[in-house]
Structures are given as C-alpha cells and as structure tokens.
Amino acid sequence: MIIAVSKRKPVDDIMVAYEAGHRVFGENRVQELVEKQPLLPGDIQWHMIGHLQTNKVKYIAGFVDMIHSVDSLKLARAIDQEAHKNDRVIPVLLQVHIAEEESKFGFSESALNSLLISKELSFLQNIRIDGLMGMATFTEDMKKVRSEFRYLREVFSRVKNAYFAGSDNFRQISMGMSGDYAIAIEEGSTMIRVGTVIFGARTY
Ligand SMILES: *Cc1c(COP(=O)(O)O)cnc(C)c1O
C-alpha cells in the first residue's frame with residue numbers, strides 16, 4: 001500500500017492525487033491533519049505517521065484510519081481511551097527504533113517484547129495492533145538502510161511468531177520513504193510512506 005505523505009502540502013495538491021484515484025494519505029502533525037481533514041472528501045483514509053503526544057490523540061481519534069507511530073505504552077493507552085470514547089477500534093503500528101540516530105523514536109526489540117507480554121497491553125480493547133513501523137537512518141549508505149529494513153522484517157517475523165501467530169491482522173510492515181522505498185519493498189515492506197516523489201519537494 002502507498003501512503004501519500006501530504007504534510008506541508010495544500011489541500012489542492014491532495015485533491016489532484018484524490019482525483020487521480022488515490023485515497024490513503026499520511027500526515028505527521030496533529031494540527032495540520034485536523035485542519036485538512038474537514039476540507040477534503042470523507043472517503044480519504046488518514047494515516048498519522050509522525051510522533052504523537054498523548055494529549056493530542058483526542059483530536060484525531062474520531063476519524064484517523066491508522067496510527068503508525070505508537071512508541072510507548074502510555075500512548076497506546078491514550079489511543080485506546082480516546083477510541084473507546086468514539087466507540088471505535090483504531091488500528092495501530094508499533095514503531096521500532098532501527099536507525100542509528102538517537103533522535104528517531106521507537107521501541108528496541110527487547111522493549112517491544114516487554115510491552116507485548118505486559119498485562120496492561122492486553123487490557124486495551126479499542127486498539128488493534130496491525131504490525132510494525134520503522135524509519136531507517138538518514139544516509140546515502142544504502143547498504144546500511146537495507147540492513148536496517150532487513151532487521152525490521154526479522155523483528156516482525158519474531159514478534160508475529162511469538163505473539164500474533166493466530167492473527168490475520170498483524171501483517172503490516174510500514175517502511176520506506178521517497179529515498180529508499182524500492183529497497184524497503186525488496187526487504188518486505190507492505191506500506192511505503194512517500195511524499196516527495198508524489199508531491200515534489202517540500203518548502204518549509
Ligand atoms: C515526511 C515523512 C515521510 C515521507 O518522506 P518523503 O521523503 O517525502 O517521502 C515518511 N514517513 C514519515 C514518518 C515522515 O515524517
């Protein structure tokens with residue numbers, strides 16, 4: 001699946017992609033998502049792909065189709081709570097830290113295991129864990145990027161076997177952006193998040 005990342009792009013640009021038939025769009029900031037969503041057709045599926053603060057979940061819980069960036073139990077709980085208030089189940093991905101940079105969010109594999117065996121997580125009935133998400137190191141070194149994607153794929157397999165063997169829902173690996181999506185697909189990505197190659201470079 002292609003998530004068209006429309007951050008910092010106007011609704012007119014999104015409408016061009018929509019009219020060409022695309023329906024799945026990604027944003028990385030709550031405020032921007034909340035501003036755009038009511039201006040655009042109701043059959044767009046909105047994916048939150050950026051770091052999310054617990055206190056902002058309430059603004060998107062009523063309509064968001066997937067949250068890719070769950071990086072703490074606290075956030076999972078907040079999403080569950082707000083989903084419950086909206087009488088819905090929100091599909092989420094758990095973000096795994098695969099990059100070298102300290103700045104990228106996400107669980108280590110051991111933290112992921114601790115989360116997945118925890119009782120607290122099993123109480124959350126209004127989130128559905130559909131898979132894992134990761135961001136590779138920002139580098140020209142495509143060998144490194146490939147090995148990070150491969151690692152995420154391996155973590156996915158281990159987690160699937162250990163905790164989701166009987167689940168049809170746990171099947172997404174969200175990895176790959178404009179600069180590295182081809183490698184990500186080769187390494188098993190099921191969802192690429194691409195902005196620049198669709199909408200052109202962003203100006204800040
Ligand atoms: C911006 C962004 C993307 C897309 O980046 P491009 O390089 O423009 O394709 C993908 N994932 C996340 C989390 C982003 O913030």
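**Entry 1: aromatic rings**

I began with two rings and found that Phe156 and Phe170 are both buried. I note here that the model is predicted. Phe156 and Phe170 form a stacked aromatic pair, with 5.0 Å from centre to centre and 10° between the planes. I then looked up where the two partners sit: Phe156 belongs to helix H7, whereas Phe170 lies in the loop between H7 and strand E7 (172-174). The pair thereby links distant parts of the chain, its members being 14 residues apart.

I next turned to Phe164, which also forms a stacked pair with Phe170, at 4.1 Å centre to centre and 5° between the planes. Phe164 and Phe170 are both buried. I recorded that ring pairs join Phe156, Phe164 and Phe170 into a cluster. My search of the whole structure returned 3 aromatic pairs.

**Entry 2: nonpolar core**

I looked up the largest nonpolar core and found 52 residues in it. The residues with the most contacts inside this core are Leu52, Ile60, Ile67, Ile79, Leu94, Leu112 and Leu132. Helix H7 (residues 142-163) contributes the largest share of the core, 6 residues.

I chose Ile67 for a closer reading. Leaving aside residues up to four places away in sequence, I found that Ile67 touches Met48, Leu52, Ile60, Ile79, Ile90, Pro91, Val92 and Leu93.

**Entry 3: largest pocket**

I noted a volume of about 740 Å³ for the largest pocket. I listed 32 lining residues, and those nearest the centre of the pocket are Lys7, Lys104, Met135, Phe138 and Met177. By class, I found 12 nonpolar, 12 polar and 8 charged residues in this lining. H7 and strand E8 (192-194) each supply at least two of the lining residues.

**Entry 4: second largest pocket**

I recorded a volume of about 210 Å³ for the second largest pocket. Its lining consists of Leu116, Ser118, Leu121, Ser122, Leu124, Gln125, Ile127, Arg128, Ile129, Tyr163 and Phe164. Helix H6 (119-122) and strand E6 (127-134) are the elements that give two or more residues to this lining. E6 gives the most, with 3 residues. I counted the classes in this lining as 7 nonpolar, 3 polar and 1 charged.

I closed by returning to Phe164: this residue lines the second largest pocket, and Phe164 also belongs to the ring cluster with Phe156 and Phe170.

Technical notes:
Residues numbered from 1 in each chain as written. Predicted model: local features only at pLDDT ≥ 70, side-chain atom pairs only at ≥ 80, totals over all residues. Heavy atoms only, no water. Core = buried A, V, L, I, M, F, W, Y, C linked by side-chain atoms within 4.5 Å. Buried < 20%, exposed > 50% of the residue type's maximum accessible area, 1.4 Å probe, protein only. Helix = DSSP H or I, 4+ residues; strand = E, 2+ residues; numbered from the N terminus. Contact = heavy atoms within 4.5 Å. 1 Å grid on protein atoms, 1.4 Å probe; cavity = no way out; pocket = protein on both sides within 12 Å on 5 of 7 lines; lining within 4 Å. Points joined across faces, edges and corners; volume = space filled by probe spheres on them. Nonpolar A, V, L, I, M, F, W, Y, C, P; charged D, E, K, R; others polar. Phe/Tyr/Trp six-rings, centres within 6.5 Å; stacked < 30°, edge-to-face > 60°.
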